[in-house]
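Reader: I am beginning to study protein structure and would like to work through one model step by step. May we look at it together?

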Amino acid sequence: MLHFTDAGLRNVWLTNGYVEKETPYGTAVSYPDLDGLIRTVCLALAHKPGKLAGAEFRYLRNALLLSQKSLGNLLGCTEQSVAKWEKQGRIPKAEDFLIRLIYTQKHDGMDNVAIAVDALKAIDHVGNSRIIVSRTGDKWTWKLAVEGNEQLLEPA
């Protein structure tokens, strides 16, 4: 078995799904389906009993591609609070529950959660944006034109 210590995880072991190769610098490990492995580890973290450790909380946040600032905004706290939880491993019960809920809902394809998470990811990287509203027949629709992005972002 291989001890999978990605991003500081301490309690994940792989029975297979990896390839070891000897190099002049030691043993190298590769993962043919790294995205699938990360999703599986995150689902296991989201469903594990007991509190999340700081590294586990960080792993879920990173898998959602959220900065500490964006997650803090979502949870109604500062990025310093998120950094402290990740470093010290003392995550408040509500925030522990919410990061698990957000990950599982996004993984399960909940469109509203996916849209919200994608919007949060963009918060730190977007300058100006324009909201473009149109009416077709009796229905209103919207799109976002984001500075530096040639494409229009539309709701799913």
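Reader: What pattern does the chain follow when read along the sequence?

Author: The model is a predicted one. The chain has six helices and seven strands. Read along the sequence, the pattern is β-β-β-β-α-α-α-α-α-α-β-β-β.

Reader: What share of the residues of the chain counts as buried?

Author: A residue counts as buried when its relative accessible area is under 20%. The chain has 156 residues, and the share that meets this cut-off is 26%.

Reader: Which helix gives the most to the largest nonpolar core?

Author: In soluble globular proteins, nonpolar side chains tend to be buried together. The largest nonpolar core here has 23 residues, and Phe4, Val41 and Phe57 have the most contacts inside it. The elements that give two or more residues to this core are H1, H2, H3, H4 and H5. With four residues, the one that gives the most is H1.

Reader: Which elements are included in what covers the buried residues of H1?

Author: Helix H1 spans residues 34–47 and reaches 20 Å from its first C-alpha to its last, close to the 20 Å expected. Its buried residues are Gly36, Leu37, Val41, Cys42, Leu45 and Ala46. Their cover includes strand E2 (13–14), helix H2 (54–63) and helix H5 (93–107).

Reader: Which residues does Val41 touch, not counting those up to four places away in sequence?

Author: Val41 is buried in H1 and is among the residues with the most contacts inside the largest nonpolar core. Leaving aside residues up to four places away in sequence, Val41 touches Phe4, Leu9, Val12 and Tyr59.

Reader: Why are H3 and H4 described as roughly perpendicular to each other?

Author: H3 (residues 68–75) and H4 (residues 79–88) have axes 7 Å apart. Gln68, Lys69, Leu71, Gly72 and Leu75 in H3 meet Glu79, Val82, Ala83, Trp85 and Glu86 in H4. The residues of this contact divide into five nonpolar, two polar and three charged. Angles from 65 to 115 degrees count as roughly perpendicular, and the two helices are therefore given that description at their angle of about 105°.

Reader: How do the residues of the contact of H2 with H4 divide?

Author: The axes of H2 and H4 come within 6 Å and cross at roughly 130°, which makes H2 oblique to H4. Gly54, Ala55, Phe57, Arg58 and Arg61 in H2 meet Val82, Trp85 and Glu86 in H4. The residues of this contact divide into four nonpolar, one polar and three charged.

Methods. Residues numbered from 1 in each chain as written. Predicted model: local features only at pLDDT ≥ 70, side-chain atom pairs only at ≥ 80, totals over all residues. Heavy atoms only, no water. Axes fitted to C-alpha atoms, helices over the stretch in contact; angles between N-to-C directions. Parallel < 35°, antiparallel > 145°, perpendicular 65-115°, else oblique. Contact = heavy atoms within 4.5 Å. Nonpolar A, V, L, I, M, F, W, Y, C, P; charged D, E, K, R; others polar. Expected span 1.5 Å × (residues − 1). Buried < 20%, exposed > 50% of the residue type's maximum accessible area, 1.4 Å probe, protein only. Core = buried A, V, L, I, M, F, W, Y, C linked by side-chain atoms within 4.5 Å.
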